[in-house]
Amino acid sequence: MTARTRPLRDRETGAQRLLQASAKLSYDPEVDVDWEAPLTEGAFFIPERTVSLYGTELWDRMSHEQRVELSRQELINSVSVGIWFEIILMQMLLRMSYRADPTTAHARYALTEVADECRHSTMFAMLIDKVDGRPYRNNRLLHFTAHALPLILRGPSMWVATLIGEEVFDAIQREHLQDESIQPLVRAVMRIHVTEEARHVRYARDDLTRLMARASWPVKTFTRIVVAIGSMLLSRLLSRPAQYARAGLENPRRAAALARRSPHRREVLAQGAAKMVRYLREVDLVGGPGLVLWRRSGLL
């Protein structure tokens, strides 16, 4: 039974369950993370196999210290992307809530998710500060273009953008929890994020499944394009040249190109996106002209 054939769960029932789960298990990063604990000297900041250059000839030439520093920069970059995305998501959820009946469980959960994402963005900012980093910023074109996304993305396109931003990070971050060799502080932060993001993914999937059951061809086509562009953008942002420059590599653009071509890197991304892609195929949102972007992204 696929997402398109299984019975649709009642919108209010699903939202009420998510509200109850949030009441039982939510975190305050100010309290639930030990920010005073020292970092572990020499430890990686993300699992070694998920560092973008792992498995390349350039990686083989790097010292342990260089590899650790690149892992630090990639952590800072990924949570910077996370903050950027979560701020956009909060705007979309608030715009949806503005039009909704605030007494419904669905609207109340949207506001609950906004509260979660506020804490996550604060937590990521504190993590960047704790590891003595500087946040990565998008170029001017992307920075100003993204201002329009909360106005443009509604309904199915809003939810596929949400899944691109949440499910891939969620899957990769779960590997942090299993790797005891990385910084304990990072594992503590990711544990909170993974726990709460699981509810956000369920909320997005439930609504997207309902909407796609009655979506018109133009809506489906536009949604396919949005999710394909989103997959490509995420892949590019996670291997931007600036992170290699800050890690001290001599040719940052060459390093970025090497990472994007790396079979191992593409495998890591594809593994992280596997559950999401399987679901999107079930609701018929992977196909058409966007397949070119999907393949270039490495997420397929």
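This passage walks through a few helices and two single residues in a predicted model.

A good place to start is helix H9, which runs from residue 184 to residue 212. With its 29 residues, H9 reaches 41 Å from the first C-alpha to the last, close to the 42 Å expected at 1.5 Å a residue. H9 still has a bend in it, of about 25°, and the bend sits at Glu197. As for its surroundings, H9 is mostly covered, with 22 of the 29 residues buried.

Next comes a pair of helices, H8 (residues 156–178) and H10 (residues 217–237). Their axes come within 9 Å and cross at roughly 25°. An angle under 35 degrees counts as roughly parallel, so H8 is roughly parallel to H10. On the H8 side, the contact is made by Pro156, Ser157, Val160, Ile164, Val168 and Phe169. H10 brings Val219, Phe222, Thr223, Val226, Val227, Gly230, Ser231 and Leu234 to that contact. Several of these positions are spaced in a way that fits a general point about helices. An α-helix has 3.6 residues a turn, so residues three or four places apart point the same way. As for handedness, H8 passes H10 in a right-handed crossing.

H10 also has to do with helix H4, which covers residues 64–99. The axes of H4 and H10 come within 10 Å and cross at roughly 140°. Roughly antiparallel would take an angle over 145 degrees, so H4 counts as oblique to H10. Here the residues that meet are Asn77, Val81 and Trp84 from H4, and Leu233, Leu234 and Leu237 from H10. Leu234 of H10 turns up in the contact with H8 and also meets H4.

Staying with H4, one residue to pick out is Gln91, which has its place in this helix. Gln91 counts as partly exposed because its relative accessibility is 37%, and partly exposed covers the range between under 20% and over 50%. Gly165 lies 74 residues away from Gln91 along the chain, and the C-alpha atoms of the two are separated by 14 Å.

The last stop is Ser262, found in the loop between helix H12 (252–261) and helix H13 (263–282). Is this loop residue buried or exposed? Ser262 counts as buried, because its relative accessibility is 4% and the cut-off for buried is under 20%. Leaving aside neighbours within four places in sequence, Ser262 is in contact with Tyr54 and Thr56.

Technical notes
Residues numbered from 1 in each chain as written. Predicted model: local features only at pLDDT ≥ 70, side-chain atom pairs only at ≥ 80, totals over all residues. Heavy atoms only, no water. Helix = DSSP H or I, 4+ residues; strand = E, 2+ residues; numbered from the N terminus. Expected span 1.5 Å × (residues − 1). Bend = angle between axes of the 7 residues up to and from the residue. Buried < 20%, exposed > 50% of the residue type's maximum accessible area, 1.4 Å probe, protein only. Axes fitted to C-alpha atoms, helices over the stretch in contact; angles between N-to-C directions. Parallel < 35°, antiparallel > 145°, perpendicular 65-115°, else oblique. Left-handed = near helix turned anticlockwise from the far one by under 90°. Contact = heavy atoms within 4.5 Å.
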